[in-house]
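The exercises below each set a task and then work through it step by step. Please look over the sequence and the structure before starting.

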Amino acid sequence: MKDERDEKIEAFENAVRELDISKEDFFEMIQQKSENFFKLMAYYRCAMMEIETKLNVLNEEFSLQYDRNPINSIKTRLKSVNSIREKLERKGFSMNAETIEANIYDVAGLRVICSFPDDVYLLSEALLSQDDITLIEKKDYIKKPKPNGYRSLHLIVDVPIFLAKEKRKMKVEIQLRTIAMDCWASLEHQLRYKKDLEFTSEMAHELALCANLSAELDMRMDALRQIVTEKKDMKNG
Ligand code: 0O2
């Protein structure tokens, strides 16, 4: 008796037969497609490295010049194949290297966790002023938080990567936020994705209150930082 797996294999083989191409050509086509995909992913990894280095250089400079480390940590991530496929499907595109590059702007993503809200703007302005960076899109969820309370500064930029024989511009998403904003976003993400639980309006309200608390924490820590900086400046003359 055929099991479900055998039935799927048979359906797959029938579909290939209907394509009216040889098995060899079919597998070569698949190989070509996956090579293009993996090459594109490698380019995105290079673009993430470029941006990460630029941010680390800025952090080093601020640390030397102003005795200030705006970056607490940087996380990088490449969007998973499934997330890319789902997003393309939502937008009505089939999946290949061309459609990915033209329609998905957050395949390469960096999350920059800053110490204070000021640092978010200090860093983003310094990065965007670099002449090889092009700003494609900016969403300021700090100045205008999402209704659920989410705060972060989102940038989509074009950054060139230099390969052996060509220069390629790649899109990268950069999310900049403070430690407090990141704490809220991480916990909210965890709670939202508890699959066996219905998210009630009371829970959403409570989360919005927590977002206000985290914004207040940022404000108070920032005020404290200013007092400490002023005292240090006075002491150093
Ligand atoms: P992942 O795995 O984090 O990448 P778009 O991406 O442009 O189609 P949208 O919603 O316009 O969709 O983009 P936006 O507003 O710039 O937000 C995209 C990313 O920001 C999300 O990525 C999250 O990482 C983060 N984000 C946005 N809103 C929230 C929120 O309310 N809570 C939390 N915790 N994170 C948020 P993805 O695609 O969801 O997934």
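**Exercise 1. Describe the lining of the largest pocket, beginning with how many of its residues are nonpolar, polar and charged.**

The lining of the largest pocket divides into eight nonpolar, 10 polar and 17 charged residues, where Ala, Val, Leu, Ile, Met, Phe, Trp, Tyr, Cys and Pro count as nonpolar, Asp, Glu, Lys and Arg as charged, and the others, Gly among them, as polar. The model is a predicted one, in which local features need pLDDT of at least 70 and side-chain atom pairs count only at pLDDT 80 or more, while totals for chains, interfaces and linings use all residues. Residues are numbered from 1 along each chain as its sequence is written, and side-chain values use heavy atoms, with hydrogens and water left out.

The next step is to place the pocket: 35 residues line it, and Arg 77, Lys 79, Asp 106, Arg 111 and Gln 175 lie nearest its centre. A pocket here is an open set of points on a 1 Å grid over the protein atoms alone, where a 1.4 Å probe fits, with protein on both sides within 12 Å along at least five of seven lines, and lining residues have an atom within 4 Å of a point. The elements that give two or more residues to this lining are β1, α3 (81-91), β2, β3, β4, β5 and α6, and α6 gives the most, with six residues. These elements are DSSP runs numbered from the N terminus, helices being H or I with at least four residues and strands E with at least two.

The last step is the volume, which is about 1200 Å³; it is the space filled by probe spheres set on the points, with grid points joined across faces, edges and corners.

**Exercise 2. Work out the order of the strands in the sheet and how they pair.**

Begin with the whole: five strands form an open sheet of mixed pairing, in the order β1-β2-β5-β4-β3. Its edge strands are β1 (71-78) and β3 (134-140), each of which pairs on one side only. Two strands are taken to pair if DSSP finds at least two bridges between them.

Then go through the pairs. Strands β2 (residues 108-114) and β5 (residues 167-178) run parallel and are joined by six bridges, with Val 112 standing opposite Leu 176 in β5. Between β4 and β5, which run antiparallel, there are 10 bridges; one bridge partner pair is Phe 162 and Lys 167 of β5, and the two strands form a hairpin with four residues between them. Strands β3 and β4 are also antiparallel, over six bridges, and Leu 135 has Val 157 in β4 as its bridge partner.

**Exercise 3. Find which helices lie against the sheet and at what angle each runs to β5.**

Helix α5 (residues 117-128) packs on the sheet, touching β1, β2, β3, β4 (153-162) and β5, and its direction makes about 165° with that of β5. Contact means heavy atoms within 4.5 Å. Helix α6 (residues 179-192) lies across β1, β2 and β5, and runs at about 95° to β5. Such angles run from 0 to 180 degrees between N-to-C directions, along axes fitted to C-alpha atoms, for helices over the stretch in contact.

**Exercise 4. Decide whether β4, Gly 109 and Asp 218 are buried or exposed.**

Buried means under 20% relative accessible area and exposed over 50%, with partly exposed in between, using a 1.4 Å probe and protein chains only. Nine of the 10 residues of β4 are buried, so this strand is largely enclosed by the rest of the structure.

Gly 109, in strand β2, counts as buried because its relative accessibility is 7%. Leaving aside neighbours within four places in sequence, Gly 109 is in contact with Met 48, Lys 75, Thr 76, Arg 77 and Glu 173.

Asp 218, in helix α7, counts as buried because its relative accessibility is 5%. Residues up to four places away in sequence not being counted, Asp 218 touches Pro 117, Arg 151, Thr 178, Ala 180 and Met 181.

**Exercise 5. State which helix gives the largest share of the lining of the second largest pocket.**

Helix α7 (residues 201-235) gives that largest share, with five residues. The volume of this second largest pocket is about 270 Å³, and its lining divides into three nonpolar, three polar and six charged residues, including Tyr 66, Asp 119 and Arg 225.
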